[in-house]
Amino acid sequence: MFDFPATTARSRYLDGFLAFVVLFGAALRVLPFAEARPLWHDEAMIALNLFRRSYQDLLLPLDYDQSAPVLWLFGTKFVIGLFGPGEMALRLIPLLAGIGSLVLFALTVRRSLDGVGAALAVTLFAIAMPLVYYAAEAKQYATDVLVVSLFLWLLAGRGQGILRSWGGVALLAVAGAVSVLLSLSAVFVLFGAGLALAARPLRERDGGAVLRLACIAAVWLLCFGAVSYLATSDSGTLVAAMRRYWSEWFIPPALFIPSRFIAAVRIMLQVPEGMGFPASSVMLLLLFAALGVYDIWQRSRVLVLFLALTLLGTVAASMAQFYPMTARFVLFLAPGLIYVLAAGVSFTLRMVPRLRWPVAGVVALLLGLMGFETAAHLRVTPAFAREEIDRSIADVVRRKQPDDLVYVYYAAVPAFQVYGKALTAAPGGVVYGRDMRSDWSYMLADMLRICGRRVWFLYSHPIDRNGVDDVRFFEFVAGKLGRVVERNISREAGAILIDLTEAGRCDAMRIEEPQRPWVPSHPGFRPLPPLPGES
């Protein structure tokens, strides 16, 4: 299908370079995994489901309105059973998926792009910061990338010819079935792959190929139907919560309205940035990508159709408010964008050789900026560290007096329930805070629950709402009622000791409990009930 003749020596040098870059990219992914940074808010929510539930219960709607593919949940649960409930166990499957994606992508470009295109594509894939980061995060986004890398490898290598044998049919059917169980975005990948493979048989009225495709589609639809049944068993609660939370990241319908068209363009232009490309380079990237699409179309129309239809399906789902176009949700589109971008650069150099130095300069700058961003995150100890509430909890455990109360900031609740068991079992008690996103009065009313005590205020995942920092606001009010004794600040987390033993000041403030029952603005702000045997 692809024909890029090269000498044996040149091929050997290319293979050596690609192998080196793959090993380098794998090392970049292993480093943050090995440092086992503490779980942040989103990871803690999915971790609590995995720690507290059986395999059977993982098929039910998850706590905290979380969602994850069934096979990812089962696989991670199995790893936890083998190695215990730690950060590395939670992130092992994403790590394997991240390295597997890199290997599959390298195999794909090695046989479908020329030397320059293959070298550029693998290098971009290896160093792109989001692809490195999500290979060491306890979420399913790395397996999303693995699925699209798998189908890119299948279609780039065999193209339409994969339908010529029942062996190829079985391979596609199994790959699609496993993908549906491994990735929530697999539906878009299968939509793109199925229609791309069907275009030629339908046009040529090839009954045998259409029959084989129908068999593949039946298997895919059966698996997708089972997964959809499980996903919708919560009566739409998860979809409603997602629509509220990601409302700004859905492509608006009725694009003929200028304001909605501008909003859609704004969202789409941020997609490459979310894949690790510098914001200033987006328009140039799109130009090279367009040239790459033209070049690939000349050699493999099925591959172009696959990439285009996958993107189209994702955009259509976003316009229907079923799938937000935020960075991590569309990370699975990164292999396709990198592929056509590298093909476009290679095509430009072949067609206009005199541009080789300007193009080389642009590529070097792009690689430098992307590499610098990834290196900056890896230099942090631990790499890609976010919310280090475990350090704050450990400090409170060492210094807490028996009668001290622990007040947990509402957004820190999931992480506290992962790391704070020593404080939950300690004397003095724990109070879980209520969020102020919908009504400030709930946080103010929490003062009534903690007045008269020495209080350790534990926080992580701090939120700035309407220009007001929640943590600073709470500290300000508490300082008016008592005295801030000390602060112990970690990365995006901390512990503040506040003396509120002078209860008279609390009585002097006119604070009342709101009449309306508290309903958290996000399910992750409510603590899960203790399991049998837990205190």
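Is Asp-114 buried or exposed? In this predicted model, Asp-114 is buried, with a relative accessible area of 14%, and I would like to start from that residue and work outwards through its charged partners.

Asp-114 pairs with Arg-350 in a salt bridge whose closest N and O atoms are 3.4 Å apart. Because Arg-350 belongs to helix α15 (residues 334–351) while Asp-114 sits in the loop between α4 (87–112) and α5 (115–127), this pair ties together parts that are 236 residues apart in sequence. Arg-350, for its part, is partly exposed, at a relative accessible area of 33%.

Let me turn to a second pair, Arg-299 and Asp-295, which form a salt bridge with their closest N and O atoms 2.7 Å apart. Both residues lie in helix α13 (residues 282–299), where a spacing of 4 residues corresponds to about one turn of the helix, and both are buried.

A third salt bridge joins the side chains of Arg-487 and Glu-475, at 2.3 Å from N to O. Here Arg-487 is in strand β6 (residues 483–490) and Glu-475 is in helix α22 (residues 470–481), so the contact ties together parts that are 12 residues apart in sequence. Arg-487 counts as exposed, at 52% relative accessibility, whereas Glu-475 is buried, with a relative accessible area of 7%.

Coming back to the earlier residues, Asp-114, Asp-295, Arg-299 and Arg-350 are joined into one network by salt bridges that share partners. To place these pairs in context, a search of the whole structure finds 19 salt bridges, and the pairs I have described, including Arg-350 with Asp-114, are among them.

Notes
Residues numbered from 1 in each chain as written. Predicted model: local features only at pLDDT ≥ 70, side-chain atom pairs only at ≥ 80, totals over all residues. Heavy atoms only, no water. Salt bridge = Lys/Arg side-chain N within 4 Å of Asp/Glu carboxyl O. Helix = DSSP H or I, 4+ residues; strand = E, 2+ residues; numbered from the N terminus. Buried < 20%, exposed > 50% of the residue type's maximum accessible area, 1.4 Å probe, protein only.
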